[in-house]
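Here's a quick briefing to read with the structure open beside you. It goes topic by topic, so feel free to jump around.

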Amino acid sequence: MTLITRRGVLAGTAAAGLTPGAARAQDKPAKLTIVAHRVHQLTATEGPGGDVTAAWRARTGVALEWVTLDLNAIHDRLFREASLSRTQVDLGFMLNTRAVPEVMRLFEPLDPLMAGAPIEHFTDLQQRFVDTFRDGKAHVGIPYRHAVNALHYNEAILQERGFAAPPVLIDDLLDAARKITHTRADGVRVAAFGFEADNYPTMVTMARAFGGDFITEDYKIVADQAPMVKALTLLRDLYAEGHLPKTVMAMSQNDLIGAMQAGQVAMMTFPFGRTVLFNDPKVSKFPGRFKTTFLFGNKELQARGEQVSTAEFWSMVIPRNAQHKALAWDLIRELSTRANTIAEAINGNGPVRASAYDDPRLKERVSYAAQEAEALKWSRVPMPAFAKSAQAKDIAVEEMQAAMLGMQKPEQSARNMARRIKPLLPA
């Protein structure tokens, strides 16, 4: 593990335009404040891989305060803080869809800090993740986590209902769901399928499985085409027939995870690393019985040996107006070492180093490592980054839910989605 020295800190701060006196003032705050999602804190501090921040905290004598929020609230708080003349936030995590020039200019260019104190084996980081967080030529973010989605399933429930594995093709999902959904002997209703119905990636995944898309990488909206209509129709039918939890549209991530752990849902789309939580013997009623597989596809993709795969990723950023930039940078370096990347992956994180999947520790400790590596090869973001992506997400969810609830036909939701989102896209 790389040790931080006073000379190294001063070199990094000088490179960032900070005076030695300012560096001394930065050396010993009582804590660093981090704005993040709960999953970032968990994968860095809890699980079989251990707490990767412990050695850093012991060495520096600085505590870490994790301010964990949901997806939109993270960015609202982070951008608001970064827009002030001064902030108490030292480090934040930003999703790739928010990495647009107007936003990235609120955050510290990292190249001067890297010149004084480099990231270990920087070129080993997935470069498509690195390049997304550039403002011109300047690096603004360092990738921490990718979230490649998988289909998680409870093999005990599926076997009980006569299935050796989940359906592979999107066209077979509804028929399978009709056989899997049931009421247990104890009166508990078991839904065949679940997903985050306050978010859009599963809808996009289904549209792609039907051969279409949502927004293309060159910012063309194709949500009004037949594949999206099919996706919305499938989601409507799954909900109307009772194959999704009744309250799915109001369920948080924790609610969904709890429902899987309790055996109330048989299959669910979530990032691969969630299987660590599903199989946790402390809270799961089915420890060891949750497995992962690839997302639903179609016959054409199957014939070509390709996968439908969606992935988003998070990078660590330092607000320009932060007060302890050198120390925040040193924490980024610590979280980004090869050894800690492996430990975080064992804790359920999506590793952002290309070499991680070849590491014998990961292969031994992470059952889904080979599947995740394959899915990562085919992965695409569910929506490209643009300034009004948050608004587009809200519109997509609103129209999807309207179709699911039967408030309007899927065709109308698809047309509305395209009409309302088109003016938000870059010209």
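Asp330 and Arg333 are joined through their side chains by a polar contact of 3.3 Å. Keep in mind that this is a predicted model. Asp330 sits in helix H16, residues 325-335, and a good part of this briefing follows the charged residues around it.

**Asp330 and its network**
- Besides Arg333, Asp330 has a side-chain polar contact with Trp56, this one at 2.9 Å.
- Is Asp330 buried or exposed? With a relative accessibility of 6%, Asp330 falls under the 20% cut-off, so it counts as buried.
- Asp330 and Arg333 also belong to a salt-bridge network, together with Arg59 and Glu334.
- Within that group, Glu334 pairs with Arg59, and their closest N and O atoms are 3.3 Å apart.
- That pair brings distant parts of the chain together: Glu334 is in helix H16, Arg59 is in helix H4 (residues 54-60), and 275 residues separate them.
- The two partners differ in burial: Glu334 is buried at 3% relative accessibility, while Arg59 is partly exposed, with a relative accessible area of 26%.

**Other salt bridges**
- How many salt bridges does the structure hold? The count is 25, and two more of them are worth a look here.
- Arg289 and Glu155 meet through their side chains in a salt bridge, with 2.9 Å from N to O.
- Arg289 comes from the loop between helix H14 (275-278) and strand E10 (290-293), and Glu155 from helix H9 (residues 155-160), so this bridge ties together parts 134 residues apart in sequence.
- Arg289 counts as partly exposed at 30% relative accessibility, whereas Glu155 is buried at 17%.
- Asp359 makes a salt bridge with Arg361, and the closest N and O atoms are 2.8 Å apart.
- Here too a buried residue meets a partly exposed one: Asp359 has 14% relative accessibility, and Arg361 has a relative accessible area of 42%.

**Helix H11, wrapped up**
- Why can helix H11 (residues 201-209) be called largely enclosed by the rest of the structure? Because 9 of its 9 residues are buried.
- The buried set includes Arg208, along with Thr202 and Thr205.
- Pro201, Met203, Val204, Met206, Ala207 and Ala209 are also among the buried residues of H11.
- After H11 comes Gly211, which has a positive phi, near 95°.

**H10 against H12**
- Helix H10 (residues 173-180) packs with helix H12 (residues 226-240) at an angle of about 10°, and their axes are 11 Å apart.
- H10 and H12 are therefore roughly parallel to each other.
- Which residues of H10 and H12 meet? On the H10 side they are Leu173, Leu174 and Ala177, and on the H12 side Leu234, Asp237 and Leu238.
- Sorted by class, this contact has 5 nonpolar residues, 1 charged residue and no polar ones.

**Leu78 and its neighbours**
- Leu78 belongs to helix H5, residues 71-82.
- At 0% relative accessibility, Leu78 counts as buried.
- Leaving aside residues up to four places away in sequence, Leu78 touches Val89, Gly92, Phe93, Phe107 and Val317.
- Leu174, from the H10 contact with H12, is 96 residues from Leu78 in sequence and 41 Å away in space, C-alpha to C-alpha.

How values were computed
Residues are numbered from 1 along each chain as its sequence is written. This is a predicted model: local features need pLDDT of at least 70, side-chain atom pairs count only at pLDDT 80 or more; totals for chains, interfaces and linings use all residues. Side-chain values use heavy atoms; hydrogens and water are left out. Helices (H or I, at least four residues) and strands (E, at least two) are DSSP runs, numbered from the N terminus. Buried means under 20% relative accessible area, exposed over 50%, partly exposed in between (1.4 Å probe, protein chains only). Contact means heavy atoms within 4.5 Å. Axes are lines fitted to C-alpha atoms, for helices over the stretch in contact, and angles run from 0 to 180 degrees between N-to-C directions. Angles under 35 degrees count as roughly parallel, over 145 as roughly antiparallel, 65 to 115 as roughly perpendicular and the rest as oblique. Ala, Val, Leu, Ile, Met, Phe, Trp, Tyr, Cys and Pro count as nonpolar, Asp, Glu, Lys and Arg as charged, and the others, Gly among them, as polar. A polar contact is a pair of N or O atoms within 3.5 Å; within protein, one must be able to donate a hydrogen and the other to accept it, and residues adjacent in sequence count only if both atoms are side-chain atoms. A salt bridge is a side-chain nitrogen of Lys or Arg within 4 Å of a carboxyl oxygen of Asp or Glu.
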